[in-house]
Amino acid sequence: MTTNRIAQVYPDLPVSLTEAGSGRPVLVLHGGGGPATVAGLAARLAGSAHTIVAVHPGWDGTPRPDWLTGVDDLAVAYLHLLQDDELSDVLVIGSSLGGRIAAEMAIRDTAGLVSGLVLINAVGADIEGEEVTDFFALDPRAQAEHSWHDPDRFYVDPATLPAAELARRQANMATMRLLTDGGGMTDPKLLPRLGRVRQSALVIWGESDRVVTPAYGAAWAKAFPQGRFEPIPEAGHLPHLERPEVTAELIEAELRRTGTPPVLAG
């Protein structure tokens, strides 16, 4: 059964959550495209875990307090959410910007609530020689060309969208720009700190991504003491949408492999 609720993390910060399934808790953090981009993945994982999809404050019309202006604010808020719900042994899955939030959570997790990470084409790390594409500078067609292995399948002309849907997308992008300090998708402080993360980190990467390249993803994985890199062919920035079965199977294997104590396959 799927349930929706509001978690009041702070007096002025309600967070919208969608939950399903039972078992090990899995927090799923979306990227700039919003919670709809990870809904299918979460539904699949609900067959073997307790999935929690959070809507980042400011996305899809949800309230965002004036003080919440950075990715670090979100990371701390989500850790407090896990504490309030008395959750532990949490696998945190983050897509794109959500991957950066997941990494920031692990760095700050002094209570040991997070026991594993899955980063899906994550942005955030400042890696020499591997620039993150300025997504905000691209027109819609170029955004599709950079994001998808098969852009013709997924490109939507903004002129064909209903006014309400176009406004939702524009508001989401405005929030992402605000939380990334004007669209700066990387933080030079992040990469050196990843060496302190002791949790297992599975880094999944669509090989056709032109927003952040596979070489960028491999460097992410290398920065974690327990990092593993898994490229997915014929997929771009959102492999869980272009290759959903392959992506879900990798994550399900990570669920079985890790945890406290780890549950071994077979």
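The exercises below, each with a worked solution, deal with the sheet, two of its helices and one loop residue of a predicted model.

Residues are numbered from 1 along each chain as its sequence is written, and side-chain values use heavy atoms, with hydrogens and water left out. Because this is a predicted model, local features need pLDDT of at least 70 and side-chain atom pairs count only at pLDDT 80 or more, while totals for chains, interfaces and linings use all residues.

**Exercise 1. Determine the order of the strands in the open sheet, and find its edge strands.**

Helices (H or I, at least four residues) and strands (E, at least two) are DSSP runs, numbered from the N terminus, and two strands pair if DSSP finds at least two bridges between them. On this basis, 8 strands form an open sheet with mixed pairing, in the order β1-β2-β4-β3-β5-β6-β7-β8. The edge strands are β1 (3-10) and β8 (227-232), each of which pairs on one side only. Within the sheet, β3 (residues 25-29) and β4 (residues 50-55) pair in the parallel sense over 5 bridges, and Leu 27 has Ile 52 in β4 as its bridge partner.

**Exercise 2. Compare the expected span of helix α2 with the distance between its end C-alpha atoms, then describe how α2 meets α3.**

The expected span of a helix is 1.5 Å times one less than its number of residues. The 14 residues of α2 (residues 71-84) should therefore span 20 Å, and the end C-alpha atoms are 20 Å apart, which agrees. Just after α2, Glu 86 takes a positive phi of about 55 degrees. Using axes that are lines fitted to C-alpha atoms over the stretch in contact, with angles running from 0 to 180 degrees between N-to-C directions, the axes of α2 and α3 come within 8 Å and cross at roughly 65 degrees. Contact means heavy atoms within 4.5 Å, and the residues that make it include Leu 74 and Tyr 78 of α2 and Ile 101 and Met 105 of α3.

**Exercise 3. Decide whether Gln 199 is buried or exposed, and identify what it touches.**

Gln 199 lies in the loop between α7 (190-193) and β7 (200-206). Buried means under 20% relative accessible area, exposed over 50%, and partly exposed in between (1.4 Å probe, protein chains only); at 12% relative accessibility, Gln 199 therefore counts as buried. Not counting residues up to four places away in sequence, Gln 199 touches Ala 106, Asp 109, Val 114, Ser 115, Gly 116 and Gln 226. The backbone oxygen of Val 114 lies 2.9 Å from a polar atom of the Gln 199 side chain.

Definitions and conventions:
Polar contact = N/O pair within 3.5 Å; in protein donor to acceptor, adjacent residues only side chain to side chain.
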